[in-house]
Amino acid sequence: MTDEADMMAGDETRSRVFYLVNDYWACGWYRCYVPGVALKSLGYKVVLDRELRPEDVEAADVVVFQQLSMPAHIEMIRASNDLGKLTVVEIDDDLWNLVPTNPGHLHWGKAEAKRIARECVAAAQLVTTPTHALAEKLRTMNPNVRVLPNMLPTTGWDYPEPKAQREDAITIGWAGSYSHLGDLRVVNEVLLQLLDHYPHVEVAIVGKPDFTDLDEHERIRFIEPTDINGYPKLLEQFDIGLIPLADNLFNRAKSDLKFVEYSRIGIPSVASKLEPYLRTVKHGENGFLASSPKDWLKHVTRLIEDVELRRSIGAAAQAYAKTRTIDTVIDRWERAYGLTRP
């Protein structure tokens with residue numbers, strides 16, 4: 001990844017950015033790789049790596065820390081400060097309120113891990129995060145917080161028209177992970193009711209059967225997860241997208257990214273009526289919001305029975321999602337990092 005993200009740049013002040021990336025899955029991809037590649041395209045020198053060496057700090061103007069799990073990370077931030085670098089902590093989850101069903105709770109549920117993350121946030125000169133809800137919490141630890149929203153990359157999501165909708169067969173889809181097991185349970189019973197009532201409907205769940213405690217059903221299928229590059233193609237299998245969230249502090253700090261992903265393909269979706277989706281989902285226009293099992297059943301039923309509604313909602317959702325590519329807002333990263341274009 002380092003070689004791929006490297007580029008030539010001039011000698012201008014703050015034109016070199018180093019990302020200490022936690023992973024290259026969704027978090028590392030959206031919060032570091034996507035803006036990093038966009039900055040690179042503008043002429044900045046950008047390096048992404050999972051290790052930080054003294055020479056990396058020396059060569060950078062801005063050092064972005066996505067890794068916050070060890071005491072050494074606190075010392076890295078402080079050492080970078082001492083060298084006159086702009087230190088940035090990038091954090092996209094409320095690590096202090098992970099639910100027990102989230103695999104990350106094994107680490108972040110410990111008081112020591114929470115302390116380390118808090119000290120990293122406090123030591124940085126700038127903190128970046130994707131949501132206003134999480135920004136409010138982070139400002140109790142560091143007053144200099146910028147909201148930089150989750151955005152899709154400019155390439156790889158090339159869907160000029162909404163997904164074609166079928167009448168004879170419909171796939172209701174959910175794309176989550178182990179960390180969202182409790183969220184899927186919000187709609188378990190509703191999905192079983194829908195399958196019993198509509199023989200032409202199937203449910204597709206990304207992941208393995210042990211992701212869910214849904215009863216076995218001949219029209220529930222499990223899709224093997226893919227890497228980030230194959231993710232849009234995987235979502236193409238869905239006709240209706242589900243975005244259920246359990247109501248807890250961790251989820252209230254999440255972003256609207258799942259809605260944006262479904263919408264970019266033109267998939268109409270139903271989302272939980274919670275903070276992540278209240279600003280972007282216009283109920284009945286580009287999607288639906290549900291706050292009870294009755295709501296979920298009502299809105300998904302409408303989409304199943306009305307192919308034209310699916311098409312119109314999908315088209316409106318896609319029109320919105322086309323405004324959520326990184327090239328449209330990369331100047332916000334430039335201003336946050338104080339970069340000067342080469």
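With 342 residues, a compact globule would be expected to have a radius of gyration near 20 Å, and the chain, at 21 Å, agrees with this; the radius is taken over C-alpha atoms, and the globule rule is 2.2 Å times the number of residues to the power 0.38. The model is predicted, so that local features need pLDDT of at least 70 and side-chain atom pairs count only at pLDDT 80 or more, while totals for chains, interfaces and linings use all residues. Residues are numbered from 1 along each chain as its sequence is written, and side-chain values use heavy atoms, with hydrogens and water left out.

Of the 342 residues, 54% count as buried, a term that means under 20% relative accessible area with a 1.4 Å probe, protein chains only. The chain holds 16 helices and twelve strands, which are DSSP runs (helices H or I, at least four residues; strands E, at least two) numbered from the N terminus.

Six strands form an open sheet in the order β9-β8-β7-β10-β11-β12, with parallel pairing, where two strands pair if DSSP finds at least two bridges between them. The edge strands, β9 (220-223) and β12 (288-290), each pair on one side only. Within this sheet, β10 (residues 240-243) and β11 (residues 269-272) pair in the parallel sense over three bridges, and L242 stands opposite V270 in β11.

D61 lies in the loop between α3 (54-59) and β3 (62-65), and because its relative accessibility is 13%, D61 counts as buried. The side chain of D61 reaches the backbone nitrogen of R14 at 3.4 Å.

Technical notes. Buried < 20%, exposed > 50% of the residue type's maximum accessible area, 1.4 Å probe, protein only. Polar contact = N/O pair within 3.5 Å; in protein donor to acceptor, adjacent residues only side chain to side chain.
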